[in-house]
Amino acid sequence: MSENTEFKSVEHILEKLSIDDKNTIKNVLYGKNTYELTISKDALDLAKQFNIELKTCGFQCQKEQTRLPKVVRVGIFQHKTPRETWANILEMREAMFKIAANAIEVAAGAGVNVFCLQEAWNMPFAFCTREKQPWCEYAESAQNGPTTIFLAVLAKKYNMVIISPILERDEVRNDTIWNTAVVIDNHGDYLGKHRKNHIPRVGDFNESTYYFEGDTGHPVFETEFGRIAINICYGRHHPLNWLAFGLNGAQMVFNPSATVGALSEPLWGIEARNAAVANGYYTFAINRVGTETFKNEFTSGDGKSAHKDFGHFYGSSYATAPNGTRSEGLSRTENGLLVTQLDLNLCRQVKDHWGFQMTQRLDMYADLLPKVIKHDYQPQIIKKQ
Ligand SMILES: NC(=O)NCCC(=O)O
């Protein structure tokens, strides 16, 4: 399907219904407790000028008697690759930096405190090709590479925490490559990094040709705007990965992704949303957008003829509150910024209400898991004798 024939979004189709029907359906499917944010005219005008779809969503939270509200604005940004995939790397990087700078400027105008980009945001998602050149050249130091240096200036300028998922080159340890999210704090300082824990081996996602499973565990980054963690793309299919970030105290978990319609679209609205409910934190799922075509054909090992693209990255980035209420999705076809306003107090309120954490029986799972990973494990199946 070509990009022109892709439909814009589920919400766009819902717009065709009467207001009453649309609201009834949205209340059932997305939850009721949201509101639109007021955004300055300047930020709205800038978004228009930069061709960025700007959507907002506020999540309601009760006032407490003993704790002050902890209100945070979060921006998530999805974007297309702005040049042909085979463009010169320095030119591509320059064009990507321009797109990110524009989006961050709009986000700053909208009062965003924490901002996250999509997976491997500053390059084409070339891991379908299995070619090492030139793609490995995009890899750079997490702490001192050009992308972190570039974003650190903006983080400081706008007093904004920025999460930057990139292809990392560990120059200290054997030049190895990793799929990594870098966290830069609101003073422009490097706070740390997380390496993708689960590497896909499905469809054209040949990422294991380039990098290995991450070795950084489940870090949670304490920032002035709350405790954040990053569950990179394919990790969203792994409930224990989400669980571990929750156990380490995350209040907001980001899922920067790159995934295509034919493979995962029916799962997209479920997994990050379910993780928010199960773990009592906010989640933010960010998918890239557009179709990226490569110069050389590649095969998928599934009998289909060789081809030059992954298929359509369907965007549809969205946010979910710990009570399961979610925002609308961004477009399936355009660059977009979703700005959410949330109160971190809701995490504890939902835990108190539902008791999922209190009832989760970690003791039973802790007992089972060491047994399961033994090669001679016998599943606990009871059969009629
Ligand atoms: N980037 C990545 O891990 N994609 C895998 C496909 C998916 O998880 O939908």
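These legends accompany close-up views of a predicted model.

**View 1. The eight-stranded sheet, from edge to edge.** Let's start with the broad layout. Eight strands make up an open sheet with mixed pairing, in the order 1-2-15-3-4-5-6-7. Strand 1 (34–35) and strand 7 are the edge strands, and each pairs on one side only. Inside the sheet, strand 4 (residues 114–116) runs parallel to strand 5 (residues 161–170), and the two share three bridges. One place to look is Cys116, whose bridge partner in strand 5 is Ile163. Helix 4 lies across strand 2 (53–59), strand 3 (71–78), strand 4 and strand 15 (336–343), and runs at about 35° to strand 15.

**View 2. The hairpin of strands 6 and 7.** Here we move to strand 6 (residues 176–184) and strand 7 (residues 190–195), an antiparallel pair joined by five bridges. Across the pair, Ala181 stands opposite His194 in strand 7. The two strands form a hairpin with five residues between them, and Gly188 in the turn has a positive phi of about 85°.

**View 3. Ile162 and its surroundings.** Ile162 belongs to strand 5. It counts as buried because 27 C-beta neighbours lie inside 10 Å. Apart from neighbours within four places in sequence, Ile162 is in contact with Phe115, Leu151, Leu154, Ala155 and Ile184. For a sense of scale, Val182 is 20 residues from Ile162 in sequence, with a C-alpha to C-alpha separation of 8.2 Å.

**View 4. The largest nonpolar core.** This view takes in a core of 99 residues, in which Val106, Val114, Met252, Phe284 and Leu337 touch the most other members. Helix 4 (residues 89–109) supplies the largest share of this core, with eight residues. Val114 makes a good landmark: setting aside neighbours within four places in sequence, its contacts are Val72, Val74, Met160, Val161, Phe225, Ile228 and Met252. As a general backdrop, nonpolar side chains in soluble globular proteins tend to be buried together.

**View 5. Ala47 in helix 3.** Ala47 sits in helix 3 (residues 41–49). With 25 C-beta neighbours inside 10 Å, Ala47 counts as buried. Beyond its neighbours within four places in sequence, Ala47 is in contact with Ile52, Leu54, Val106 and Leu337. Two of these contacts, Val106 and Leu337, also appear in the previous view among the core residues that touch the most other members. If you zoom out to Asn279, you will find its C-alpha 33 Å from that of Ala47, with the two positions 232 residues apart in sequence numbering.

**View 6. The five-stranded sheet.** A second open sheet comes into view here, with five strands in the order 8-9-10-11-14 and mixed pairing. Strand 8 (221–223) and strand 14 (318–320) each have a single partner strand, so one side of each is left without a neighbour in the sheet. From one strand to the next, the twist averages 20°. Strand 8 and strand 9 run antiparallel and are joined by three bridges, with Thr223 taking Gly226 in strand 9 as its bridge partner. Helix 7 lies across strand 10, strand 11 (282–287) and strand 14, at about 155° to strand 11.

**View 7. Strand 10, enclosed by the structure.** All six residues of strand 10 are buried, so this strand is largely enclosed by the rest of the structure. Met252, Phe254 and Pro256 point one way, while Val253, Asn255 and Ser257 point the other. Strand 9 runs parallel to strand 10, and three bridges join them. Within this pair, Ile228 stands opposite Met252.

**View 8. Helix 6 and its packing partners.** Trp242, Ala244, Phe245 and Gly246 are buried in helix 6 (residues 239–247). The buried residues of this helix pack against strand 9 (226–230), strand 10 (252–257) and helix 7 (261–279). Just after helix 6 comes Gly249, with a positive phi of about 100°.

**View 9. The residues around the ligand.** To finish, this view shows the shell formed by Glu119, Pro200, Phe205, Cys233, Tyr234, Ser257, Ala258, Thr259, Leu263 and Ser264. Six residues of the shell are nonpolar, three are polar and one is charged. Ser257 is a familiar face, as it is one of the buried residues of strand 10.

Methods: Residues are numbered from 1 along each chain as its sequence is written. This is a predicted model: local features need pLDDT of at least 70, side-chain atom pairs count only at pLDDT 80 or more; totals for chains, interfaces and linings use all residues. Two strands pair if DSSP finds at least two bridges between them. Helices (H or I, at least four residues) and strands (E, at least two) are DSSP runs, numbered from the N terminus. A residue is near a molecule or strand if its C-beta atom, placed from the backbone, lies within 6 Å of it. Ala, Val, Leu, Ile, Met, Phe, Trp, Tyr, Cys and Pro count as nonpolar, Asp, Glu, Lys and Arg as charged, and the others, Gly among them, as polar. A residue is buried if 20 or more other C-beta atoms lie within 10 Å of its own, exposed if 12 or fewer, and partly exposed in between; C-beta atoms are placed from the backbone. Two residues are in contact if their C-beta atoms, placed from the backbone, lie within 7 Å. A nonpolar core is a set of buried Ala, Val, Leu, Ile, Met, Phe, Trp, Tyr and Cys residues joined through C-beta atoms within 7 Å. Axes are lines fitted to C-alpha atoms, for helices over the stretch in contact, and angles run from 0 to 180 degrees between N-to-C directions.
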